[in-house]
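Q: I am just starting out with protein structures, and I would like a close look at a single part. Please choose one and walk me through what surrounds it.

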Amino acid sequence: MTRLFSQSVNVLRKDLLMDWRSRGRALSVLAFAVTTLLLFSFASGADDPNPGAMVGAWLWLALLFASTLALGESFRVETEDGGLEQLRLLPVDPRALFFGKALGNALLLLVLGALILPLCLALFRAEVAGSWPTLALTLALGTAGLAGPGTVYAAMTAQARGKDVMLPLLLFPLVIPVLVAAVKATTLCVGRDPMDQLPSWLSLLAIFDLVYWSLCPLLFGRVLEE
Amino acid sequence: MLPRPIREHGFAAIGLTLLAIGSYMGLVVAPPEKYMGDVGRILYIHVPTAWNALLVLTFAFFFAIASLVSRKPRHDDLLHGAIEVGILLSAMLLIQGSIWARPTWGVFWTWDPRLTTSAIMLVTFIGVLGLRSSVDDPARRASWTAIATIISWTNIPIVYFSIKWWRTLHQDFSTPQTVASTMVTPLRINAFALLFLSLWLILRRAQLSARQRTRAGMNTAVPAASTLTAGDP
Amino acid sequence: MSANAPAVEAVGLSRGFGSRWALAGVNLRLAGGRSLLIAGHNGAGKTTLLRLLATTLRPSAGTVHLGGVDSARDPLGARRHVAMLGHRSGLYPELSALENLTVAARLMGLGDGRTRALELLEKVGLAARANDPVREFSAGMKKRCALARVLLQDPAVVLLDEPYGQLDPSGFDLIDRFFADCRTQGRALIVATHLVERAAALLDSGLVLSSGTPAWVGPATGVPAALTAALAK
């Protein structure tokens, strides 16, 4: 158990160090997310009477699209010069590989979300009426929901043919509950929550996270096996 | 032992016979539905399709576990068959749902939890098939298909509840308890009819995969160990 | 590790890819301090054999024991005894040579391993470039760095796939010295290379593979002639 934990932390450390070294690429993911937001803003029109109503939807769509880039990138560096094969040569528990990489991806998406949230609020002229901590919790639970199964599928598609198409094709339908719940929760945080619906959406997110963060590590060894 | 065609196509024969009986009872014998009239008769196929779509995808889930544990090509063949039949049934379900929604709700599509869940089920498992076709090594293809199936199947109840909370429109109609007894019999008969037809298709698909494997020469026996030993004497 | 168990032992080792057996029925046994040269033309199964021994590839049939540990039963335990230098360096281009080594040391549970890593980089001639990102390295320098990582793992079994590839003459000497070090340090060494004459003079026994099966085994010095004979067939 302690070994699993320390190995996970070491995989995470390695990924964060690599993210930091290649921060130019992380910046392009951010630029991509910002561009998407601008496009949404243009598409919803300049004279939309109530642009703030859609702020949750645009935020999470931008994050979802950016997540496929970030997830793909996190395994591109692994397959570039046989890094993943080398990791499998070391006596490292595959579950630790999952936790390390998935946590790294979740953190990256969380930072990305925190960076584009203010822009999103400004762009769609919304203000946070609810509580900021709840909004932060929504971001954390939602990005973890994208990163968990996303890490498994990215590990597969990085080694498959047609990798650029396969990841969204597999991931998007799967994370619909995350998207629905995160958009709802964000909208309720930003606007008002008269029916007190927030707890049910947050618990749906938590259940999704719990299910996939327990299922995926068990399956990850067989994903990597050749 | 029964002759080969009967053995192979017995499920189809039973399924088609049951389907004929069930449909006759549903379309002719049973009274028109109280609120929807004759339009409601689509339920005699719609509800059994829904049950079987879920059932077949659940088969796929168990085949996936079997395939992961045993690594036998036979289990992968069955898994492949179950995914394809599950996709077929989900697609049928969507089409029937739209046909039913038009006269009932006045639209072809609504964000009803069940209709939406089946649409998501359909695209999810199409993704699994897509993944399958993008892997060359048979062993890896089998593992990855099984893993994606397990992940996708687990998601079905979560999708259902998320959409249900998101918006609900569907009437509670389609379980036997809420249906008049004259309607229960044809529903059940058709459910078994579709079950037999599904099993027939799954088994036929698995057999086809097995034949393809033989033709490609993949069933060659494990080579014998060499008489030579390298390294130290 | 029990005293009399060979450092590495494989029995009936086979691996199929689809319909093709890339390796069929290879037996191999090597004690610590002994070495084996694997020869064979392109596609003969040299890399497949090494990857099977390294446990990164799963055997379709047969067993591998590393340091007495069955790699199918306890893959993590078996991996503690083996290190491999493959075609691809397995280094992360964004990280420096030193960081690549410390990452591996931490994942091995050896702590930070910084002092040892610097020592080893010195040994492979990369001391001056220890803090440069691997992205800036030439193929030969990457190979040297990967060799330092193999040493860092301090394995009982060392697997080298084309160790001479991309190296300059001083690199050739480095590899030759590495062979001698393995012998004195009691590591079992398995080398696959096309430079059979050079390696044959330095290693103990030989194995010639042809289409995945062992065509010849004997002392390493006999490999060049045996390889010519196998090619002529």
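A: What follows is a close look at strand 9 of chain C, working outward from the strand to its sheet, its chain and a neighbouring chain.

First, how to read the model. It is predicted, so local features are described only at pLDDT of at least 70 and side-chain atom pairs only at pLDDT 80 or more, while totals for chains, interfaces and linings use all residues; pLDDT is the predictor's confidence in each residue, from 0 to 100. Residues are numbered from 1 along each chain as its sequence is written, and chains are lettered from A and ligands numbered from 1 in the order in which they are written.

Let's begin with the whole chain. Chain C contains 8 helices and 10 strands; helices (H or I, at least four residues) and strands (E, at least two) are DSSP runs, numbered from the N terminus. Its radius of gyration is 17 Å, close to the 17 Å that the globule rule gives for 233 residues, so chain C is as compact as a globular protein of that length. That radius is taken over C-alpha atoms, and the globule rule is 2.2 Å times the number of residues to the power 0.38. The C-alpha trace of chain C spans about 50 × 40 × 35 Å along its principal axes.

Of the 233 residues in chain C, 56% are buried. Here a residue is buried if 20 or more other C-beta atoms lie within 10 Å of its own, exposed if 12 or fewer, and partly exposed in between, with C-beta atoms placed from the backbone. Among the contacts in chain C with a separation of 6 or more, 65% link residues 24 or more positions apart; two residues are in contact if their C-beta atoms, placed from the backbone, lie within 7 Å.

Now zoom in on our strand. Strand 9 of chain C covers residues 205-210, and 5 of its 6 residues are buried. What are its partners? Strands of a sheet pair through backbone hydrogen bonds, either parallel or antiparallel. In this text, two strands count as paired if DSSP finds at least two bridges between them.

One partner is strand 3 (residues 35-39) of chain C, which runs parallel to strand 9 of chain C and is joined to it by 4 bridges. To trace this pairing yourself, find C:Leu36, which stands opposite C:Ser205, and then C:Ile38, whose bridge partner is C:Leu207.

Another partner is strand 10 (residues 213-219) of chain C, paired with strand 9 of chain C in the antiparallel sense over 6 bridges. Here C:Val208 stands opposite C:Trp216. These two strands form a hairpin with 2 residues between them, and C:Ser211 in the turn has a positive phi of about 45 degrees.

Next, step back to the sheet. Strand 9 of chain C belongs to an open sheet of 6 strands in the order 6-7-8-3-9-10, with mixed pairing. Strand 6 (82-85) and strand 10 of chain C stand at the edges with a single partner strand each, so one side of each is left without a neighbour in the sheet. On average, neighbouring strands of this sheet are turned by 15 degrees against each other, direction ignored. Helix 1 (residues 46-53) of chain C lies across strand 3, strand 6, strand 7 (157-161), strand 8 (188-192) and strand 9 of chain C, and runs at about 150 degrees to strand 8 of chain C. Axes are lines fitted to C-alpha atoms, for helices over the stretch in contact, and angles run from 0 to 180 degrees between N-to-C directions.

Finally, look across to chain B. In all, 25 residues of chain C are in contact with 15 residues of chain B. On the chain C side, strand 1 (8-17), strand 2 (20-30), strand 9 and strand 10 each supply at least two residues. Strand 2 of chain C gives the most, with 8 residues. This side of chain C divides into 14 nonpolar, 9 polar and 2 charged residues, where Ala, Val, Leu, Ile, Met, Phe, Trp, Tyr, Cys and Pro count as nonpolar, Asp, Glu, Lys and Arg as charged, and the others, Gly among them, as polar.

The two chains also share a strand pairing: 3 bridges join strand 1 (residues 229-231) of chain B to strand 2 of chain C, and these run parallel. B:Thr229 has C:Asn27 as its bridge partner there.
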